[in-house]
Amino acid sequence: MSVSVQQAAFDLGQELAGFGQGQDDNPRRNIGAVVSFTGFVRDDSGALDHMLIEHYPGMTERAIGQIVDEAVQRWSLGDVRVIHRYGVLKPGDQIMMVATAARHRVAAFEAAEFLMDYLKSRAPFWKKEVNADGSEWVAAKDEDEDALRRW
Amino acid sequence: MIDVMYFAWVRERIGVPKEQIETSATTVADLVEELRAREPRYEAAFADLSALRVALDQDLSEFNAPLAGVSEVAFFPPMTGG
């Protein structure tokens, strides 16, 4: 299991190469499914200059760690990778990724969705959209909170 | 003494990311009332508690939670990760 909260970009291919398969000297052969999700900065209006992502150092790692632990237990995951970026991000930049490894496909998909739902409203990140006219904090959506109820 | 931290628009309204506060408040709600009475910038930040979340020692908590033994309180809007 590994969690990174970082400013730097990440290489999805590199993150997924060998993910869930153990180490060369200690290979794991009981993983039948790997699912990954990558989130990007989206610009619906065409006016977005950049997004500023603030977080709460310390609590962020702690909160994500707790969410990951719960997912690992609930879906018996073989591995989890979470990367979430902060700082200045441009439209089209990657914001974050989650990857899950499990014996079966359903567990890997469900765990990835669970992680995403919880990261959205329980990991202490805040997004601010900055454009030529000014800036605005992104408001949390009711449906993001509702999404937690299905778990 | 308690460390109080602010994030996102709460930080912008109050004007500092972190401060140390001498308080005898026994709950988070008491601390909020103390702060609101201090200066208009706190009143502006804490006007609508339903728009705020609180963490005690980096765990999400509630406004009626006791402050005994807590060293770090953080106030922020609902989180928008992912």
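Modeller: Contact, as the word is used here, means that heavy atoms lie within 4.5 Å. We are looking at a predicted model, and with that cut-off in mind we can start from a single residue, B:Gly81, which is placed in the segment after β5 (72-76) of chain B.

Biologist: Which residues does B:Gly81 touch, leaving out those up to four places away in sequence?

Modeller: B:Gly81 touches A:His84, A:Leu119, A:Lys120, A:Ala123, A:Phe125 and A:Lys127.

Biologist: Why is B:Gly81 called buried?

Modeller: The word buried is kept for residues under 20% relative accessible area, and B:Gly81 is at 2%, so it counts as buried.

Biologist: What makes A:Gly65 partly exposed rather than buried?

Modeller: A:Gly65 has 22% relative accessibility, and since partly exposed covers what is neither under 20% nor over 50%, A:Gly65 belongs in that middle class. A:Gly65 sits in helix α2 of chain A, and its C-alpha atom is 20 Å from that of A:Ala147, a residue 82 positions away along the chain.

Biologist: How do you know that helix α2 of chain A has about the expected length?

Modeller: The expected span is 1.5 Å times one less than the number of residues. Helix α2 (residues 59-75) of chain A has 17 residues and an expected span of 24 Å, and the model gives 24 Å from the first C-alpha to the last, which is close to that expectation. The same check can be made on helix α3 (residues 105-122) of chain A, whose 18 residues reach 25 Å, close to the expected 26 Å.

Biologist: Which residues of α2(A) are buried?

Modeller: They are A:Met59, A:Thr60, A:Ala63, A:Ile64, A:Ile67, A:Val68, A:Ala71, A:Val72 and A:Trp75. When you look at such a list, it helps to recall that an α-helix has 3.6 residues a turn, so residues three or four places apart point the same way.

Biologist: What do the buried residues of α3(A) pack against?

Modeller: They pack against β4 (33-40), α2, β6 (79-85), β8 (94-102) and α4 (142-147) of chain A. Among these buried residues of α3(A) are A:Ala107, A:Ala111, A:Phe114, A:Leu115 and A:Tyr118.

Biologist: What makes the phi of B:Ala8 worth pointing out?

Modeller: Most residues other than glycine have a negative phi. B:Ala8 is not a glycine, and yet its phi is positive, at about 55°. B:Ala8 is found in helix α1 (residues 8-14) of chain B, and because its relative accessible area is 0%, it is buried as well. Two further residues have a positive phi: B:Gln58, with a value near 70°, in the loop between β3 (53-56) and β4 (59-61) of chain B, and A:Ser76, with a value near 45°, which follows α2(A).

Biologist: How do you know that chain A agrees with a compact globule?

Modeller: For 151 residues, a compact globule would have a radius of gyration near 15 Å, and chain A has 16 Å, so the two agree. The C-alpha atoms of chain A fill a box of roughly 55 × 35 × 30 Å along the principal axes, and 46% of its residues are buried. Chain A is built from four helices and ten strands, and 76% of its contacts with a separation of 6 or more join residues 24 or more positions apart.

Biologist: Why is chain B called as compact as a globular protein of its length?

Modeller: Chain B, with three helices and five strands, has a radius of gyration of 12 Å, close to the 12 Å that the globule rule gives for 82 residues, and therefore it is described in that way. Its C-alpha trace spans about 35 × 30 × 20 Å, and 48% of its residues count as buried. Among contacts in chain B between residues at least 6 apart in sequence, 48% join residues at least 24 apart.

Biologist: How many positive and negative side chains does each chain have?

Modeller: Chain A has 17 positive and 24 negative side chains, and the centres of the two sets are 5 Å apart. Chain B has 7 positive and 14 negative ones, with centres 7 Å apart. Histidine is not included, since Lys and Arg count as positive and Asp and Glu as negative.

Notes
Residues numbered from 1 in each chain as written. Chains lettered and ligands numbered in written order. Predicted model: local features only at pLDDT ≥ 70, side-chain atom pairs only at ≥ 80, totals over all residues. Heavy atoms only, no water. Helix = DSSP H or I, 4+ residues; strand = E, 2+ residues; numbered from the N terminus. Rg over C-alpha atoms; globule rule 2.2 N^0.38 Å. Buried < 20%, exposed > 50% of the residue type's maximum accessible area, 1.4 Å probe, protein only. Charge placed at Lys NZ, Arg CZ, Asp CG, Glu CD.
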